[in-house]
Amino acid sequence: MAEIKRIVILTGAGISAESGIDTFRAAGGLWEQHRIEDVATPEGFASNPDLVLGFYDMRRAALARAEPNPAHTALARLEHEFRGEVLLVTQNVDDLHERGGAARVLHMHGELKSALCTSCEIRSRWDAAMQQRPPCPVCRAPTLRPDIVWFGEMPYQMGRIYAALEACDLFVSIGTSGAVYPAAGFVQEARASGARTLELNLEPSEGSRLFHESRLGPAGTLVPAWVEEMLRPR
Ligand code: OAD
């Protein structure tokens, strides 16, 4: 196999499942308990802001009780010890990659711990609840919304992500169902640029057959083992 110099890793809700964060599409997952149109679209926010702010307040509170698991810390170790480049692209809005020690993380679907003011359009770090309409720390208007990319909105950092996919030699997808675009299409972008592709997931994802290799099991076990392999002297 040719030497690997650049790795792009895409993560989804499955990597945080063992930290106690709910995934979306599992039985009993977030999208069984809530309608996507109600809590994850601009239209849902316009028609019932209380419900939407409360939903993300609940998720932010759950995040405060969660800790990074061995999959998060293993990826941080890879980022720091691999002799090439590692870029972590996550669909997750939690901060468990960063708390696990990762420094280069792109949050393509936004972050629970960020607030976006719909008046001044400035983002602020945010830990508290929003349902009581606290003022924006910059312009003082009570018009904060969660800095989350909702359905129908443009994911963040797409230019950087596609450039990295085009330049990578290895693309790894971890803990994502492959149900949501554009992330679900990254495997084909990477393959078209000649990269090897690997999936690490509990069960085959929707796009499983698009990967050169698929390993099935919990991220907390599979990811540290794969990182060991990548860091082993060749
Ligand atoms: P999903 O809930 O769709 O998929 C989670 C995947 O993780 C599934 O394929 C599970 O089999 C797998 N999984 C569960 N536990 C695991 C474990 N312990 N180890 C490894 N894999 C495990 O979540 P995402 O694919 O992240 O977007 O969902 C993508 C996007 O859809 C989310 O970012 C969110 C959602 O709607 C927005 O809200 C914009």
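Start with burial: colour the chain by accessibility, and buried residues account for 50% of its 234 residues. Keep in mind that this is a predicted model. With the surface switched on, the chain exposes about 11,200 Å², and carbon and sulfur atoms supply 52% of that area.

Now go to cartoon view. You should find 10 helices and 9 strands in the chain. The radius of gyration is 18 Å, close to the 17 Å from the globule rule for 234 residues, so the chain is as compact as a globular protein of that length. Turn the C-alpha trace onto its principal axes and the spans are about 55 × 35 × 30 Å. If you draw contacts between residues at least 6 apart in sequence, 64% of them join residues at least 24 apart.

Next, colour by domain. Select 1-19 + 69-109 + 155-234 for domain 1, then 22-65 + 114-148 for domain 2. Their C-alpha centres are 26 Å apart. Where the two meet, 13 residues of domain 1 are in contact with 8 residues of domain 2.

While the whole chain is on screen, show the charged side chains. There are 24 positive and 30 negative ones, and the centres of the two sets lie 3 Å apart.

Time to zoom in. Select tryptophan 226, in helix H10 (residues 219-231). Is this residue buried or exposed? Its relative accessibility is 2%, and with under 20% as the cut-off, tryptophan 226 counts as buried. Show its surroundings as sticks: leaving out residues up to four places away in sequence, tryptophan 226 touches Ile7, Ile9, Leu75, Leu78, Leu170, Val172, Leu198, Leu200 and Arg215. For a distance check, pick glutamate 203, 23 residues from tryptophan 226 along the chain; the two C-alpha atoms are separated by 17 Å.

From there, move to the loop between strand S7 (170-174) and helix H9 (186-192), where you'll find proline 182. Which kind of peptide bond joins tyrosine 181 and proline 182? A cis one, with omega at about 10°.

Two backbone oddities come next. Select glutamate 121, in the loop between strand S4 (110-117) and strand S5 (123-125). Glutamate 121 isn't a glycine, yet has a positive phi of about 65°. At 62% relative accessibility this residue counts as exposed, the cut-off being over 50%.

Then step along to arginine 133, in the loop between S5 and strand S6 (144-148). Here, too, phi is positive in a residue other than glycine, near 60°. Arginine 133 has 33% relative accessibility, so the label is partly exposed.

For the last stop, go to helix H1 (residues 14-17) and click on alanine 17. Alanine 17 counts as partly exposed, with a relative accessibility of 36%. Now add glutamate 79 to the selection: how far apart are alanine 17 and glutamate 79 in space? From C-alpha to C-alpha the gap is 21 Å, for a pair 62 residues apart in sequence.

Definitions and conventions. Residues numbered from 1 in each chain as written. Predicted model: local features only at pLDDT ≥ 70, side-chain atom pairs only at ≥ 80, totals over all residues. Heavy atoms only, no water. Helix = DSSP H or I, 4+ residues; strand = E, 2+ residues; numbered from the N terminus. Rg over C-alpha atoms; globule rule 2.2 N^0.38 Å. Buried < 20%, exposed > 50% of the residue type's maximum accessible area, 1.4 Å probe, protein only. Contact = heavy atoms within 4.5 Å. Areas by Shrake-Rupley, 256 points an atom, 1.4 Å probe, with all protein chains shown as cover. Lys, Arg positive; Asp, Glu negative; His and termini not counted. Charge placed at Lys NZ, Arg CZ, Asp CG, Glu CD. Domains from an automatic or database assignment.
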